[in-house]
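Trainee: I should like to learn how to read the features of a structure that is new to me. May we begin with empty space inside the protein?

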Amino acid sequence: MSADRIRSMATLAIGLGLIAFGVLFLAGTILQIDIWGTLWPLFIVIPGLLFFVGMIVLGRPGAPLSVPGSIITMAGVILFIQNLTGLWSTWAYAWTLVAPTAVGIGVAIAGMWNDDQRTVRVGSALAGIGIAIFFFLVILFELILNLNGLRSGPVGRIALPVLVIAAGVGVLAWAFLPKKHLR
């Protein structure tokens, strides 16, 4: 892709982005909705996604950009969810979705981008470890310690026990999966 083509695409993206944000803020003003208070995490998600754009533009040499892209995007998505729900104390365990989970996802994407199956396996294993730690900490903080008081609501009565069952199924599946995929 030529430098002029990349410059034109970047200019188009910036122009459309500014128009979209302007329309959102105008709508928020007219409808008296606090758009900034709701959508501020997009200012973290969008730069994270731009790392993936860079990866695509650079081709194979851009594969390492998937790691910071995954980390920044995941952090923004978590902040967006926490901003919507007000459950900021979930950082007690949500950090595991940033590191090691998002790091592993980024490594796996880099491996897929470069057709390197060993890197895909390493990244997938790291992401799996992060998800396992996340589930363990959710169970600890929400079911046992009742950090956010979710145990007494509908989430705690239905979703959290289902989460424990899913964690048990995951442990059993891990125990009985052929280990050749780990090499």
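**Reading the cavity and the helix contacts**

Mentor: Phe21, Leu24, Phe25, Ile35, Trp36, Leu39, Trp40 and Phe43 line the largest cavity. The model is a predicted one, in which local features need pLDDT of at least 70 and side-chain atom pairs count only at pLDDT 80 or more, while totals for chains, interfaces and linings use all residues. Residues are numbered from 1 along each chain as its sequence is written, and side-chain values use heavy atoms, with hydrogens and water left out.

Trainee: How is a cavity recognised, and which elements give two or more residues to the lining of the largest cavity?

Mentor: Rolling a probe the size of a water molecule over the atoms shows where empty space is left. On a 1 Å grid over the protein atoms alone, a cavity is a set of points where a 1.4 Å probe fits but cannot get out, and lining residues have an atom within 4 Å of a point. Here, helix 1 (3–31) and helix 2 (35–39) each give two or more residues to the lining of the largest cavity. Helices are DSSP runs (H or I, at least four residues), numbered from the N terminus.

Trainee: What volume does the largest cavity have, and which classes of residue form its lining?

Mentor: A volume is the space filled by probe spheres set on the points, which are joined across faces, edges and corners. For the largest cavity it is about 30 Å³, and the count is one cavity of 30 Å³ or more. The lining has eight nonpolar residues, with no polar and no charged ones. Ala, Val, Leu, Ile, Met, Phe, Trp, Tyr, Cys and Pro count as nonpolar, Asp, Glu, Lys and Arg as charged, and the others, Gly among them, as polar.

Trainee: How should one read the packing of helix 3 and helix 4?

Mentor: Axes are lines fitted to C-alpha atoms over the stretch in contact, and angles run from 0 to 180 degrees between N-to-C directions. Helix 3 (residues 42–58) and helix 4 pack at an angle of about 155 degrees, their axes lying 7 Å apart. The two are therefore roughly antiparallel, a term for angles over 145 degrees. Their contact residues comprise 11 nonpolar, six polar and no charged.

Trainee: At what angle do helix 4 and helix 5 pack, and is their crossing left-handed or right-handed?

Mentor: Helix 4 (residues 66–85) and helix 5 (residues 91–113) pack at about 150 degrees, with axes 8 Å apart. Helix 4 is therefore roughly antiparallel to helix 5. The crossing is right-handed, meaning that the near helix is turned clockwise from the far one by less than a right angle, whereas anticlockwise would be left-handed. Among the residues that meet are Ile71 and Met74 in helix 4 and Leu97 and Val98 in helix 5, where contact means heavy atoms within 4.5 Å.

Trainee: Which backbone details deserve a look?

Mentor: The peptide bond from Ala99 to Pro100 is cis, with omega near 20 degrees, and Pro100 belongs to helix 5. Gln32, in the loop between helix 1 and helix 2, has phi near 55 degrees, a positive value in a residue other than glycine.

Conventions:
1 Å grid on protein atoms, 1.4 Å probe; cavity = no way out; pocket = protein on both sides within 12 Å on 5 of 7 lines; lining within 4 Å. Parallel < 35°, antiparallel > 145°, perpendicular 65-115°, else oblique.
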